[in-house]
Amino acid sequence: MKYTIDKQEKYCLLKLHEEKLDSNVAPNLKSELITIHAEGAKNIILDLSGVKYTDSSGLSALLVGNRVIQENGGIFVLSGLSDHTMKLIKISQLDSVLNILPTVEEAIDAVFMNELENDLKQGEDEN
């Protein structure tokens with residue numbers, strides 16, 4: 001699996017350099033997302049702008065990433081989805097489950113908004 005990782009203070013940006021997110025790539029993506037989370041990344045942005053085709057095993061990897069990150073109050077954001085991938089997500093009715101934004105910049109903004117919301121909630125809980 002070809003990819004690049006950009007680790008920042010508030011998020012980790014993983015850009016997939018594969019044309020297909022299928023059964024050949026999905027297991028590696030799942031384990032990479034779990035590893036990144038285990039290493040302390042609270043928020044992950046997955047840039048899929050290079051991916052043209054996704055199948056059910058690819059969707060499964062996305063759902064694993066989403067679940068692992070959300071368990072700890074983080075946010076998992078997908079960006080740069082192809083029309084094919086977006087259609088598959090909508091057909092599967094996962095567009096209401098996954099956080100999907102058109103660009104990495106918007107995904108970064110979503111991470112910072114989520115962090116602010118979490119900070120505000122923690123402040124309320126302490127009072």
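Lys-42 forms a salt bridge with Glu-115, and the closest N and O atoms of this pair are 3.7 Å apart. Since Lys-42 lies in the loop between α1 (26-38) and β4 (44-47) while Glu-115 belongs to helix α4, the pair ties together parts that are 73 residues apart in sequence. The structure discussed here is a predicted model, and the distances and accessibilities below are to be read as values computed from that model.

**Salt bridges**

A search of the whole structure finds 5 salt bridges, among them the pair just described and one between Glu-115 and Lys-10, for which the closest N and O atoms are 3.7 Å apart. In this second pair Glu-115 is part of helix α4 (residues 104-126) and Lys-10 sits in the loop between β1 and β2, so the contact ties together parts that are 105 residues apart in sequence. Lys-10, Lys-42 and Glu-115 are thereby linked in a network of salt bridges. With regard to accessibility, Glu-115 counts as buried, at 10% relative accessibility, because the cut-off for buried is under 20% relative accessible area. Lys-10, with a relative accessible area of 31%, is partly exposed, and Lys-42 likewise counts as partly exposed, at 33% relative accessibility.

Another salt bridge joins Glu-71 to Arg-67, with the closest N and O atoms 3.5 Å apart. Here Glu-71 counts as exposed at 55% relative accessibility, whereas Arg-67 counts as partly exposed at 47%. As general background, side chains of opposite charge can pair when their charged atoms come close.

The three pairs named above are set out in the table.

| Salt bridge | Closest N and O atoms |
|---|---|
| Lys-42 and Glu-115 | 3.7 Å |
| Glu-115 and Lys-10 | 3.7 Å |
| Glu-71 and Arg-67 | 3.5 Å |

**The β1 and β2 hairpin**

Strand β1 (residues 3-7) and strand β2 (residues 12-16) run antiparallel and are joined by 5 bridges, and the two strands form a hairpin with 4 residues between them. Within this pairing, Tyr-3 stands opposite Leu-16 in β2. Lys-10, the salt-bridge partner of Glu-115, is located in the loop between β1 and β2.

**Leu-21 and Thr-54**

Leu-21 is found in strand β3 (residues 20-21) and is buried, with a relative accessible area of 0%. Leaving aside residues up to four places away in sequence, Leu-21 touches Leu-16, Ala-26, Leu-29, Leu-48, Val-51, Tyr-53, Thr-54, Asp-55, Gly-58 and Leu-62; of these, Leu-16 is the residue in β2 that Tyr-3 stands opposite. Leu-21 and Ser-56 are 35 residues apart in sequence, and their C-alpha atoms are 9.1 Å apart in space.

Thr-54, one of the residues that Leu-21 touches, is found in strand β5 (residues 53-54) and counts as buried at 1% relative accessibility. The side chain of Thr-54 makes a polar contact with the side chain of Thr-85, at 2.7 Å. When residues up to four places away in sequence are not counted, Thr-54 touches Leu-21, Leu-59, His-84, Thr-85 and Leu-88, so that Thr-85 appears both among the residues touched by Thr-54 and as the partner in the polar contact.

How values were computed:
Residues numbered from 1 in each chain as written. Predicted model: local features only at pLDDT ≥ 70, side-chain atom pairs only at ≥ 80, totals over all residues. Heavy atoms only, no water. Buried < 20%, exposed > 50% of the residue type's maximum accessible area, 1.4 Å probe, protein only. Polar contact = N/O pair within 3.5 Å; in protein donor to acceptor, adjacent residues only side chain to side chain. Contact = heavy atoms within 4.5 Å. Pairing = 2+ DSSP bridges. Salt bridge = Lys/Arg side-chain N within 4 Å of Asp/Glu carboxyl O.
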